[in-house]
Amino acid sequence: MSPETAPNDAALSWSAAHPPHKPAGSYILGLGLIAVMMVVSTVLVARELTRQANEVSVLNVAADLPGLTYEIGNAVAGLAEATDEAEVSALEASLEASLTTYSRAYIGLQFGDPELGLPGAPSPDIDRLLSLADPVFSQIINIARAALVEQPTRSAASLLELSSSAFRSRMEGVVFQYQREAESRVQSLARLEFILLSAGLLLL
């Protein structure tokens, strides 16, 4: 074996006389903290994604409610003018279906409805906005149900139109607040992830 390729006994002696340094305790602790932060970040992101999936259902339902008031109003207005028995039956069936969907969706926003994907328990701000819509919601329900019992008058149809307009205005505020809170949570999560990432880089 040539001198150039002969192993250097001094270089190899570290394995017996001078074992490699073990990682310092602070380094191990740093790695542990990074692992914990990664787990926390993953859990927070997963929770937020689930929450956003629920919020999509909530926003869809809340956005559909104003359209349902149009359907209810048109059916009641039609019943106020209808004279043909077949037309009356068709309008009553349409009104009853719209009324059932409308009532269930609105109550589901407040108290939850698993089948509609509504978790219920809205924030205090959204709960306050919904409470402002409650009287108008009740008025729409009462007028529509009365129209199923006996033919509504034109004045009842006009009153329903005014109530529906007020309800739509209130629901616009509810939808806006839902969107505002969702955006705020996303921004807060982004800031938290940035903090965790920065802390992890400092520990390396």
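This passage walks through the fold, the ring contacts, two buried positions and the salt bridges of a predicted model.

The chain is helices from end to end as far as its elements go: there are six helices and zero strands, running α-α-α-α-α-α from the N terminus on. Of the 204 residues, 33% are buried. About 13,000 Å² is exposed by the chain, and carbon and sulfur atoms supply 61% of that area. Among contacts with a separation of 6 or more, 77% come from residues 24 or more positions apart.

Turning to the aromatic rings, a search of the whole structure turns up four aromatic pairs. One of them brings together Tyr102 and Phe137, whose ring centres are 5.2 Å apart with the planes at 40°, so this pair is tilted. The two residues sit in distant parts of the chain, with Tyr102 in helix α4 and Phe137 in helix α5 (residues 124-149), 35 residues apart. Both Tyr102 and Phe137 are buried. Phe137 also pairs with Tyr106, this time in a stacked arrangement with 4.3 Å from centre to centre and 20° between the planes. Here again helix α4 is linked to helix α5, as Tyr106 belongs to the former and Phe137 to the latter, 31 residues apart. Tyr106 is buried, just as Phe137 is. Ring pairs join Tyr102, Tyr106, Phe137 and Phe167 into a cluster. Elsewhere, a charge meets a ring: Arg168 lies over the face of Tyr70, at 3.8 Å from the ring centre.

Helix α4 (residues 85-111) also holds Gln110. With a relative accessibility of 13%, Gln110 falls under the 20% cut-off and so counts as buried. Its side chain has a polar partner in Asp134, the contact between the two side chains being 3.3 Å. Leaving aside residues up to four places away in sequence, Gln110 touches Gly120, Ala121, Pro122, Leu130 and Asp134.

A second buried position is Ala62, in helix α3 (residues 25-81). The relative accessible area of Ala62 is just 1%. Its C-alpha atom is separated by 7.1 Å from that of Met171, although the two residues are 109 residues apart along the chain. Apart from residues up to four places away in sequence, Ala62 touches Leu109, Met171 and Val175.

Finally, the charged side chains. Those of opposite charge can pair when their charged atoms come close, and the count here comes to three salt bridges. In one of these, Arg154 meets Glu81, with the closest N and O atoms 2.8 Å apart. Arg154 lies in helix α6 (residues 154-203) and Glu81 in helix α3, so the bridge ties together parts that are 73 residues apart in sequence. Arg154 is exposed, at 59% relative accessible area, while Glu81 is partly exposed at 45%.

Arg104 takes part in a network of salt bridges with Asp113 and Glu115. The Arg104 and Asp113 side chains come to 2.7 Å, N to O. For Arg104 and Glu115, the closest N and O atoms are likewise 2.7 Å apart. Since Arg104 is in helix α4 and Glu115 in the loop between α4 and α5, this second bridge ties together parts eleven residues apart in sequence. The network spans a range of accessibility: Asp113 is buried at 11%, Arg104 is partly exposed at 37%, and Glu115 is exposed at 69%.

Methods: Residues are numbered from 1 along each chain as its sequence is written. This is a predicted model: local features need pLDDT of at least 70, side-chain atom pairs count only at pLDDT 80 or more; totals for chains, interfaces and linings use all residues. Side-chain values use heavy atoms; hydrogens and water are left out. Helices (H or I, at least four residues) and strands (E, at least two) are DSSP runs, numbered from the N terminus. Buried means under 20% relative accessible area, exposed over 50%, partly exposed in between (1.4 Å probe, protein chains only). A polar contact is a pair of N or O atoms within 3.5 Å; within protein, one must be able to donate a hydrogen and the other to accept it, and residues adjacent in sequence count only if both atoms are side-chain atoms. Contact means heavy atoms within 4.5 Å. Rings of Phe, Tyr and Trp (its six-membered ring) pair if their centres lie within 6.5 Å; planes under 30 degrees apart count as stacked, over 60 as edge-to-face and the rest as tilted. A charge sits over a ring if NZ of Lys or CZ of Arg is within 6 Å of the ring centre and within 35 degrees of the ring normal. Accessible areas come from the Shrake-Rupley method with a 1.4 Å probe; for residues, only the protein chains shown count as cover. A salt bridge is a side-chain nitrogen of Lys or Arg within 4 Å of a carboxyl oxygen of Asp or Glu.
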